[in-house]
Amino acid sequence: ISFEVVITTMHDSFMLEAIKHSAIDYLMKPVKRKELSLALDRFKNKMKKLEEMKVSPGSQKKNRLVIPSHNGLVLIEIKDLVRLESEGSYTNVFTANDNSYLMSKNLGYLENQLEGHNFLRVHHRHLVNMDHVKSYTREEGGKVILSDNSVVEVSRRKKDQFLQKLELQ
């Protein structure tokens, strides 16, 4: 989840459930100012720690993508990623050496992980490494031919953004 929870209730029977779901605090009604203030301080401290952990794009990028496999983990250099293709809540990852891997993460999650690298979502199903673009053909939205000779459709909505990124506009 991308939000924090402070539970306020008159019943103490939900406390165990609150702990299981990582609530910041559990306040019994009527809520006392001091308890609320402490809960807000916990929230601020947690947000501060999360902010410190965040890395701004370009300052310190991860160089590899970790893909879980049935034997362990596969580490792939991000520069070797050619494209990622959505399969619902799964994503196919295609590399420059013609390997492909299936991840149990959706494309949006991986798009966030690759932020700051030269990737662009050219279609709702496709995220491409702009460093691997070989050519572009103008048909409807257009098509991109990548270094592994795969052809990826560019949606009409993403065409202008794609062309800007290529510095053709």
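Which side chains meet in a salt bridge at 3.3 Å, N to O? They are those of Glu87 and Arg125. The structure is a predicted model, and this report starts from its overall form before returning to that pair.

**Overall form**

The protein has 169 residues, and buried residues make up 30% of them. Its secondary structure comes to four helices and 12 strands. The C-alpha trace spans about 65 × 45 × 30 Å along the principal axes. The radius of gyration is 22 Å, whereas a compact globule of 169 residues would have a value near 15 Å.

**The five-stranded sheet**

Five strands form an open sheet in the order 7-6-5-9-8, and their pairing is antiparallel. Strand 7 and strand 8 (119-123) stand at the edges; each has a single partner strand, so one side of each is left without a neighbour in the sheet. On average, neighbouring strands of this sheet are turned by 20° against each other, with direction ignored.

Strand 5 covers residues 81-87 and runs antiparallel to strand 6, to which six bridges join it. Within this pairing, Glu87 stands opposite Tyr90 of strand 6. The two strands form a hairpin with two residues between them, and Gly88 in the turn has a positive phi of about 70°.

Strand 6 is also joined to strand 7 (residues 100-103), again in an antiparallel arrangement, by four bridges. Here Val93 stands opposite Tyr101 in strand 7. The hairpin of strand 6 and strand 7 has four residues between the strands, and Asp98 in this hairpin takes a positive phi near 65°.

How many of the six residues of strand 6 are buried? Five of them are, so strand 6 (residues 90-95) is largely enclosed by the rest of the structure.

**A salt-bridge network**

A search of the whole structure finds seven salt bridges. Three of them involve residues of one group, listed here with the distance between N and O atoms.

| Salt bridge | N to O distance |
|---|---|
| Arg83 and Glu85 | 3.2 Å |
| Arg125 and Glu85 | 3.0 Å |
| Arg125 and Glu87 | 3.3 Å |

Arg125 lies in the loop between strand 8 and strand 9 (126-129) while Glu85 is in strand 5, so their salt bridge ties together parts that are 40 residues apart in sequence. The pair of Glu87 and Arg125 likewise links distant parts of the chain: Glu87 is in strand 5, Arg125 is in the loop between strand 8 and strand 9, and 38 residues separate them. Through shared partners, the salt bridges join Arg83, Glu85, Glu87 and Arg125 into one network.

Are Arg83 and Glu85 buried or exposed? Arg83 has a relative accessible area of 11% and is buried, because the cut-off for buried is under 20%. Glu85 also counts as buried, at 14% relative accessibility. The other two members of the network are partly exposed: Glu87 has 40% relative accessibility, and Arg125 has a relative accessible area of 31%.

**A nonpolar surface patch**

Which residues make the nonpolar surface patch of about 230 Å²? The patch is made by Val31, Leu36 and Leu40. Leu40 belongs to helix 2, which covers residues 33-53. With a relative accessible area of 43%, Leu40 is partly exposed.

**Drawing the parts together**

Glu87 appears in two of the settings described above. In the sheet, Glu87 is opposite Tyr90 of strand 6; in the network, the side chain of Glu87 meets that of Arg125. Strand 6 takes part in two hairpins, one with strand 5 and one with strand 7.

Note on methods
Residues are numbered from 1 along each chain as its sequence is written. This is a predicted model: local features need pLDDT of at least 70, side-chain atom pairs count only at pLDDT 80 or more; totals for chains, interfaces and linings use all residues. Side-chain values use heavy atoms; hydrogens and water are left out. Buried means under 20% relative accessible area, exposed over 50%, partly exposed in between (1.4 Å probe, protein chains only). Two strands pair if DSSP finds at least two bridges between them. Patches are made of residues with over 30% relative accessible area and no salt bridge: like charges are joined within 9 Å, nonpolar side chains (Val, Leu, Ile, Met, Phe, Trp, Tyr) within 5 Å. Accessible areas come from the Shrake-Rupley method with a 1.4 Å probe; for residues, only the protein chains shown count as cover. A salt bridge is a side-chain nitrogen of Lys or Arg within 4 Å of a carboxyl oxygen of Asp or Glu. Axes are lines fitted to C-alpha atoms, for helices over the stretch in contact, and angles run from 0 to 180 degrees between N-to-C directions. The radius of gyration is taken over C-alpha atoms; the globule rule is 2.2 Å times the number of residues to the power 0.38.
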